[in-house]
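Trainee: Could you walk me through reading this model? I would like to go feature by feature.

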Amino acid sequence: MGSKYTRRYTAEFKRDAIALVDSTGKTVTAVARELGMSSESLCGWYRQAKADRGEGAPGEITTAEREELKRLRRQNADQAKTIEVLRKTAVFFAKESDR
């Protein structure tokens, strides 16, 4: 079993690890082993870096697209809350005007 703590890596470390895979021609697993980290983590970073460069699989989204999607989902949730408040307010005032 792995550690119960998640290790955090800096953006610079991730960039350097990806560059190491590109420059040495070694496999992602070999580089991850040399760096003492999970090959799954490095594989994910490498796959995302390829997508950001436009070399990813069809349909794979870039980091910028992922950030925009998060922003739009947050905005959508906020608007849904606003609509719900306005709907309840309209119902309240409709009942008040019937009195």
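Trainee: Which of the elements has the lowest mean pLDDT, and which the highest?

Mentor: Start with what the score is: pLDDT is the predictor's confidence in each residue, from 0 to 100. Elements are DSSP runs numbered from the N terminus, with helices (H or I) needing at least four residues and strands (E) at least two. Here H3 has the lowest mean pLDDT, 94, and H2 the highest, 96. For the protein the mean is 92, and 95% of its residues reach 70 or more. This is a predicted model, in which local features need pLDDT of at least 70 and side-chain atom pairs count only at pLDDT 80 or more, while totals for chains, interfaces and linings use all residues. Residues are numbered from 1 along each chain as its sequence is written, and side-chain values use heavy atoms, with hydrogens and water left out.

Trainee: At what angle do the axes of H1 and H3 cross?

Mentor: Axes are lines fitted to C-alpha atoms, for helices over the stretch in contact, and angles run from 0 to 180 degrees between N-to-C directions. The axes of H1 (residues 11-24) and H3 (residues 39-52) cross at roughly 80 degrees and come within 10 Å. H1 and H3 are therefore roughly perpendicular to each other; the classes are roughly parallel under 35 degrees, roughly antiparallel over 145, roughly perpendicular from 65 to 115, and oblique for the rest.

Trainee: Which residues in H1 and H3 meet?

Mentor: Contact means heavy atoms within 4.5 Å. From H1 come Phe13, Lys14, Ala17, Ile18, Val21 and Asp22, and they meet Leu42, Trp45, Tyr46 and Ala49 in H3. By class, this contact has 8 nonpolar, no polar and 2 charged residues. In that scheme Ala, Val, Leu, Ile, Met, Phe, Trp, Tyr, Cys and Pro count as nonpolar, Asp, Glu, Lys and Arg as charged, and the others, Gly among them, as polar.

Trainee: Is lysine 14 buried or exposed?

Mentor: Buried means under 20% relative accessible area, exposed over 50%, and partly exposed in between (1.4 Å probe, protein chains only). At 30% relative accessibility, lysine 14 is partly exposed. Leaving aside neighbours within four places in sequence, lysine 14 is in contact with Tyr9 and Trp45.

Trainee: Which residues make up the largest nonpolar core?

Mentor: In soluble globular proteins, nonpolar side chains tend to be buried together. A nonpolar core is a set of buried Ala, Val, Leu, Ile, Met, Phe, Trp, Tyr and Cys residues joined through side-chain atoms within 4.5 Å. The largest one here has 11 residues: Ala17, Ile18, Val21, Val28, Val31, Ala32, Met37, Leu42, Trp45, Tyr46 and Ala49. H1, H2 and H3 are the elements giving two or more residues to this core, and the largest share, 4 residues, comes from H3. For one member, follow valine 21: beyond its neighbours within four places in sequence, it contacts Lys26, Val28, Val31, Leu42 and Tyr46.

Trainee: What do the buried residues of H2 pack against?

Mentor: Val28, Ala30, Val31 and Ala32 are buried in H2 (residues 28-35), and the buried residues of this helix pack against H1 and H3. Glycine 36 follows H2, with a positive phi near 70 degrees.

Trainee: Where is glutamate 60 found?

Mentor: Glutamate 60 is in the loop between H3 and H4 (63-97). With a relative accessible area of 28%, glutamate 60 is partly exposed. Not counting residues up to four places away in sequence, glutamate 60 touches Arg47, Ala51 and Glu65. Arginine 47 lies in H3, and its C-alpha atom is separated from that of glutamate 60 by 9.3 Å.
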